[in-house]
Amino acid sequence: MNRAPKWLRAVALVGTGVLALTACGSKISKEPAPGRASGKPCGTVTIAVNPWVGYEADAAVVGYLAKNKLGCTVVEKNLAEEVSWQGFANGSVDVILENWGHDDLKKTYIDQQKVAVEHGVTGNKGIIGWYIPPWMAKQYPDITDWHNLNKYADLFKTTESGGKGQLLDGDPSFVTNDEALVTNLGLNFKVVYAGSETALIQAFRTAEQQRKPLLGYFYEPQWFMTEVKLVHIALPAYTPGCDADKQKVACDYQPYDLDKIVSKKFADSGSPAVALTKNFSWSNDDQNSVARDIAVNKLSHEAAAKKWVDAHPDVWQAWLKS
Amino acid sequence: MVTVAATAGADRPGTRRPGRGLVVAGTAVAWVALWIPLHGRHTLPLAVSRLSPLHLWLNDLRDAVDADRSGNPVLGGAVDVARSAIDHLVVFIGSLISEPSYGRPVPVVGWLGVVALAVLVGYAAGTWRTAVLAGAGFGSFGVLGLWQQSMQTLALTLAAVAICLVIGVPLGFWVGLSPRGERLVTPVLDLMQVMPTFVYLAPLTLFFLIGPASAVIATIVYAAAPVIRITAHGIRNVPRPTLEASESLGATGWQVLRTVRIPAAARTIVLGINQTTMCALSMVTIAALIGAPGLGEVVVKAMEILDVGTAFAGGLAIVAMAIVLDRVTTAAAAHTGSRTEPTPRRRLWTLAALGASTLAALHLSYTFVWAAVFPGPQPAGVIGGHVADGVNQATRWVQHHLVGVTDAVRVVVTDGLLNPLQALVTESPWYLVCAVVLAITWTVAGPRTLPVVAGCLALLVGTGLWRDTMTTLAATLVATVVVMVLGVVVGVWMGRSARVDRLIRPTLDAAQVMPPFVYLVPVLGLFGPTRLTAIVAAVVFAAPVAVKVVADGVRAVPASVVEAAAAAGSSTWQLIWKVQLPLARHSLTLAANQGLIYVLSMVVVGGLVGAGALGYLVVAGFSQRSLYGKGLAAGVAIVGLGILLDRITQAAARRADAPQPQ
């Protein structure tokens, strides 16, 4: 290396810079970005986005409408469930769009601290239960009745289940009675904790592709159901109160009416977004179609929301009426 | 073959004292003999949904703190000041490089300006090589279509590292100079490094709200320890003669620190900064769970839909950032040592030219759209989409074609090794395990380590999670054995050849900072949600440390010794086995110690992919309010296990070193 090439390089660098400087390029304007609609005052709506795709579908559509039809500034915050509830207390979250039960959190933040209020149901029915891949239901038609599970227990043995059949549980954020259920129903199974939704979905995907036996805890609505339609196992039917004692429970999981929670402050704000979130209600099929566009067709949230909004004006127009 | 030689080498110091190996073997035999009649009794099990009185009490404590937080003005005031200071810092850095700010639709500095700055800093810290690497690394963010997310992560990381240094370097001085400081701070640092983040993540947002401050503080808690430890180490290990010379000239303590200790320790301190930066980057996916924007969010979102390709692209950007920051700080460290000579003229000119170009680039990126917004298709960038598709295809192929082999491997490893070991550990009565651990401690580590080990065992029993702890312990031990085997094999290979080292090192860096779920989804497809998948995760994360430490140790063996042995007619295997490994013995024990600690830090990730036990409980405690106390207890149990294993291996290492004249 001698002096000349290095000098040349430096000169070239500066030269390029000066050339580009004088070249015509579009300049950055100081004005705020376009797209901020005028009209009714809406202000800022902060939506907590919990980490599953069904919730993201809700948030995408509500956020799209709030932004484009009401002119709100929408802030989405990706948060774990309990952290979102904490956000009500300190004003950093306005809306939770899909809440699964959480009676303990309702007690703390709605009844005791009075910082949040219930905001109506989403119309989605949440189902929790035991599922098998569809190939098994076809091959062993009577397996969907829990009485017959012991007959097939040997099929479900794995290296993890200590000589018994394996019942695979998933995401630790979901309430599970499975250990008690196995004991109280006298099943020759052992609960194994997959530990995350990702691990559970991958396990079901592998089981269907390679025709491996698998019994696991799962839930609907869930985008994965549109890829592999898992089959629900019928446990003894749920009756109100049958799960009161968590150690003696011997019945299926309570069906959830998924609901919305908003902060007290937001509910009293008079923003047009309050009516939108209050009226927001759609079917499991609606949510699944948006979730499928996000998860399988890899659309951006905005594009997936727009696609659904354009196709269902009658549904969402009702939400905007206050 | 290599494995056998390597393990034998590692065992040599132990076998040199005739009694020790025998006693350990005798203890093991006695354990199995007692296990046969006693197994299944007093194993202290606790079902996942059950809570002990301690767990309930911790829940109540959490509720009390939650209710009291706004009522305490002093605490509230201090917390508010800290929060708003950190929030402002992050928002300021963000407005410069990542967020639309000051009424503009784009940040103040666009991509061209940031890349030019990276090149300038790379050259100033090192050579043209580092400059080009820095430019290419930062350029890759845009090419992957992740420019803004990368800048968000960079802003958060820079803020966290800056605060770590402001707190950590002075604290490191204190710890290095005062034995009392060391005694006080070391246990706190252990706690900060081993306590799983999930345990304090939710309480943190209670105090510091959802926002940048919480994410930065979570990062600091995990990442501050290395800079404190390594600074203290550097300050403490300044050569005696240098210090005595300066003291004999009548320098005061402060003068000695400023003129002798700090300059002599500067290189080491920069290495501490380097480690802290790496740790901060490994937190980005966890920070994404409390609303921190950036690359972590990309990975988390992609994992929800098992989109390995997109997650990999996000992980790749994190790896690129880590490698750039690592090489630049490492180059700066090397540079710091040779500050005494004047900088050559030519270098000064180049710096001036680069500086001028950078100013021009900054101006351009402030003014023009093309220099502000990274060009290329949205949202996946020029190659981001191709990377994602390629990785997705490769993942499908691997899962489709290898699953037969991996099934067999899983059955052999689980039934042949893991299940018997786990049965031995979990089915033994708790007092039997305690007795065995104490006996082994006495033998390999000496009586002085007994009190702390006994304390840890008592803590583990006290958490009410004894059986889960034993399950975790079994998987941890298996993972550590694999880590050591890999560490010795690859470490020796790298230590003996600089070329191999250059080839392998980037892979090791990638394995350390790539978010685990990116590679765990393919592994899940192969091994299912099992303990083996968790062990693979721990090995991928922990093996690089062991490999690097062993490689350094082998390289540090004096060349003259190796040459002499080679001249005496030793074969390559004899060289490795009889000369290099024994002389690198200290590195081997250090590698085992670090390997164990790193394996333990993956217990939580293991819980997310099928290992159950403590890792699962920690995450469950984070996500279910009623399980909070149990999750906290599980976190404490992981810390107890970590301190126990750390103190035993460290004391054993000191003992193994003792017979040597040095």
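In this predicted model, the C-alpha centres of domain 1 and domain 2 of chain B sit 28 Å apart. Chain A also comes in two domains, domain 1 (44-123 + 258-320) and domain 2 (126-232). Below is a quick tour of how the pieces touch, then a closer look at a few helices and one buried phenylalanine of chain A.

**Chain B: its two domains**

- The split in chain B runs as domain 1 (85-382) and domain 2 (402-657).
- Where these two domains of chain B meet, domain 1 puts in 25 residues and domain 2 puts in 25 residues.
- On the domain 1 side of that contact, at least two residues each come from helix H8 (179-194), H9, helix H12 (253-281), H14 and helix H15 (308-337) of chain B.
- H15(B) has the largest share of that side, with 9 residues.
- By class, the domain 1 side breaks down into 20 nonpolar, 3 polar and 2 charged residues.

**Where chain B meets chain A**

- The contact between the chains draws 62 residues from chain B and 56 residues from chain A.
- Quite a list of chain B helices gives two or more residues here, including helix H9 (197-208), helix H14 (295-304), helix H18 (384-427) and helix H29 (613-623).
- Which helix of chain B provides the largest share of the side that touches chain A? That would be H16(B), with 9 residues.
- The chain B side of this contact counts 36 nonpolar, 18 polar and 8 charged residues.

**Chain A: overall picture**

- Chain A holds 12 helices and 9 strands.
- Of its 322 residues, 44% count as buried.
- If you take the contacts in chain A with a separation of 6 or more, 74% of them link residues 24 or more positions apart.

**Chain A: its two domains**

- The C-alpha centres of domain 1 and domain 2 of chain A are 30 Å apart.
- Their contact involves 13 residues from domain 1 of chain A and 9 residues from domain 2 of chain A.
- On the domain 1 side, H2 and H10 of chain A are the elements that give two or more residues.
- H10(A) gives the most to that side, with 6 residues.
- The residues on the domain 1 side sort into 7 nonpolar, 4 polar and 2 charged.

**Chain A: H11 and its neighbours**

- Helix H11 (residues 301-311) of chain A has four names on its buried list: His301(A), Ala304(A), Ala305(A) and Trp308(A).
- Why do they end up on the same side of H11(A)? They cover an arc of only 95 degrees around the axis, and that puts them on the same side of the helix.
- Asp310(A) and Ala311(A) are exposed, on the face of H11(A) turned away from its buried side.
- The packing partners of the buried residues of H11(A) are helix H2 (53-68) and helix H10 (284-295) of chain A.
- As for geometry, H10(A) and H11(A) pack at an angle of about 145 degrees with their axes 9 Å apart, and their crossing is right-handed.
- H10(A) brings Ser289(A), Val290(A), Asp293(A) and Ile294(A) to this contact, while H11(A) brings His301(A), Ala304(A), Ala305(A), Lys307(A) and Trp308(A).
- That makes 5 nonpolar, 2 polar and 2 charged residues in the contact of H10(A) with H11(A).

**Chain A: Phe280 in its loop**

- You'll find Phe280(A) in the loop between helix H9 (272-279) and H10 of chain A.
- Is Phe280(A) buried or exposed? With 23 other C-beta atoms within 10 Å, Phe280(A) is buried, given that the cut-off for buried is 20 or more.
- Leaving out residues up to four places away in sequence, Phe280(A) touches Val62(A), Thr122(A), Lys260(A) and Trp319(A).
- Asp58(A) is 222 residues away from Phe280(A) along the chain, yet their C-alpha atoms are separated by 9.0 Å.

**Chain A: H3, wrapped up**

- Helix H3 (residues 81-89) of chain A is largely enclosed by the rest of the structure, because 9 of its 9 residues are buried.
- Those buried residues of H3(A) include Glu81(A), Glu82(A), Trp85(A) and Phe88(A).
- After H3(A) comes Gly91(A), with a positive phi near 80 degrees.

Methods:
Residues are numbered from 1 along each chain as its sequence is written. Chains are lettered from A and ligands numbered from 1 in the order in which they are written. This is a predicted model: local features need pLDDT of at least 70, side-chain atom pairs count only at pLDDT 80 or more; totals for chains, interfaces and linings use all residues. A residue is buried if 20 or more other C-beta atoms lie within 10 Å of its own, exposed if 12 or fewer, and partly exposed in between; C-beta atoms are placed from the backbone. The arc is that of the directions from the helix axis to the C-beta atoms. Two residues are in contact if their C-beta atoms, placed from the backbone, lie within 7 Å. Domain bounds come from an automatic or database domain assignment. Ala, Val, Leu, Ile, Met, Phe, Trp, Tyr, Cys and Pro count as nonpolar, Asp, Glu, Lys and Arg as charged, and the others, Gly among them, as polar. Axes are lines fitted to C-alpha atoms, for helices over the stretch in contact, and angles run from 0 to 180 degrees between N-to-C directions. A crossing is left-handed if the near helix is turned anticlockwise from the far one by less than a right angle, and right-handed if clockwise.
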